[in-house]
Amino acid sequence: MVHRREVEGRPIMVGNQGDLYGNAMTWFDHETGSVWSQPLGAAILGPLSGTELELLPSQLTTWGTWRSSHPGTSALAAQVRRSGFALDQMLIAVEIDREALAVPVPDLRRAGVVEATVGEVPIALTMVGDSWMVFALRHDGRTLRLFRGEVDDLVDGEGGRWDQATGRSLAGGEALGRIPAITVFPGDYRTFWPEGRVLIP
């Protein structure tokens, strides 16, 4: 997950606080010492308690999948151990206007496209291989229906075709709006969003 690290228009510097909250990482900010929950992007202790950072669109995927769609990407080379995170053990979670919905990755992988409404916003969760995205279905004043195409693209109910990795129209120019979402383990989802829905397509 990626958050914009700005509070009231000023950047803050954060570091690993060292404790877990709901089995997830916490940060501290150098400016006030407030403690922040990583999944919530919100300060939970200290002077900034209750402040929330803006969640930005991002995705957890393999390097090979990312490079196939973004071949010019540069990456920081670091000597690290192989990650123990398995994408198929996780949920893709979306929160809009305090309403949360999650779809298990294996179910999304099988379905290819899952449509839902969260916080009165119609969305589509999509997945091809190890690449997942969440798009807004309202476009140019109309609400689209999306289906998986034949060559890793998306097809809407009006015959338009869209790139699954970027949401760009294959006819050129326009793009679907990206919706921020995160990957989360099922137990942690219930910790942070106890009233959240889990959608099995």
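1. Let's start with Gln164, which counts as buried in this predicted model because its relative accessibility is 3%, under the 20% cut-off. Gln164 is placed in the loop between β18 (161-163) and β19 (182-184). Its side chain reaches the backbone oxygen of Ser131 at 3.4 Å. Leaving aside neighbours within four places in sequence, Gln164 is in contact with Thr126, Met127 and Val128, with Ser131, Trp132, Met133 and Phe135, and with Asp152, Asp153 and Leu154.

2. Two of those partners lead on to other features. Trp132 is among the residues that touch the most other members of the largest nonpolar core, together with Ile92, Val94, Leu108, Ile123, Leu125 and Val134; the core has 19 residues. The elements giving two or more residues to this core are β9, β10 (99-104), α2 (105-111), β11 (113-118), β12 (121-128) and β13 (131-136). As general background, nonpolar side chains tend to be buried together in soluble globular proteins.

3. Val134 is a good residue to click on next. Not counting residues up to four places away in sequence, Val134 touches Ile92, Val94, Ile123, Ala124 and Leu125, and also Gly177, Arg178, Ile179 and Ala181.

4. Ser131, the other partner, helps to line the largest cavity, along with Gln59, Thr61, Thr65, Trp66, Ser69 and His70. About 30 Å³ of space lies in this cavity, and the count comes to one cavity of 30 Å³ or more. Helix α1 (residues 63-69) gives the largest share of the lining, three residues. By class, the lining has one nonpolar residue, six polar and no charged.

5. You may also want to look at the second largest pocket, with a volume of about 360 Å³. Leu40, Glu52, Leu55, Glu95 and Trp193 are the closest to its centre, out of 18 lining residues. Strand β9 (residues 91-96) supplies the largest share of that lining, four residues. The pocket lining divides into 13 nonpolar, one polar and four charged residues.

6. Finally, Leu20 deserves a glance. Leu20 sits in strand β4 (residues 14-21) and is exposed, because its relative accessible area of 60% is over the 50% cut-off. Setting aside residues up to four places away in sequence, Leu20 touches Met25 and Thr26. From Leu20 to Gly41 the C-alpha to C-alpha distance is 14 Å, with their positions 21 residues apart in sequence numbering.

Methods
Residues are numbered from 1 along each chain as its sequence is written. This is a predicted model: local features need pLDDT of at least 70, side-chain atom pairs count only at pLDDT 80 or more; totals for chains, interfaces and linings use all residues. Side-chain values use heavy atoms; hydrogens and water are left out. Buried means under 20% relative accessible area, exposed over 50%, partly exposed in between (1.4 Å probe, protein chains only). Contact means heavy atoms within 4.5 Å. On a 1 Å grid over the protein atoms alone, a cavity is a set of points where a 1.4 Å probe fits but cannot get out, and a pocket is an open set with protein on both sides within 12 Å along at least five of seven lines; lining residues have an atom within 4 Å of a point. Grid points are joined across faces, edges and corners, and a volume is the space filled by probe spheres set on the points. Ala, Val, Leu, Ile, Met, Phe, Trp, Tyr, Cys and Pro count as nonpolar, Asp, Glu, Lys and Arg as charged, and the others, Gly among them, as polar. A polar contact is a pair of N or O atoms within 3.5 Å; within protein, one must be able to donate a hydrogen and the other to accept it, and residues adjacent in sequence count only if both atoms are side-chain atoms. A nonpolar core is a set of buried Ala, Val, Leu, Ile, Met, Phe, Trp, Tyr and Cys residues joined through side-chain atoms within 4.5 Å.
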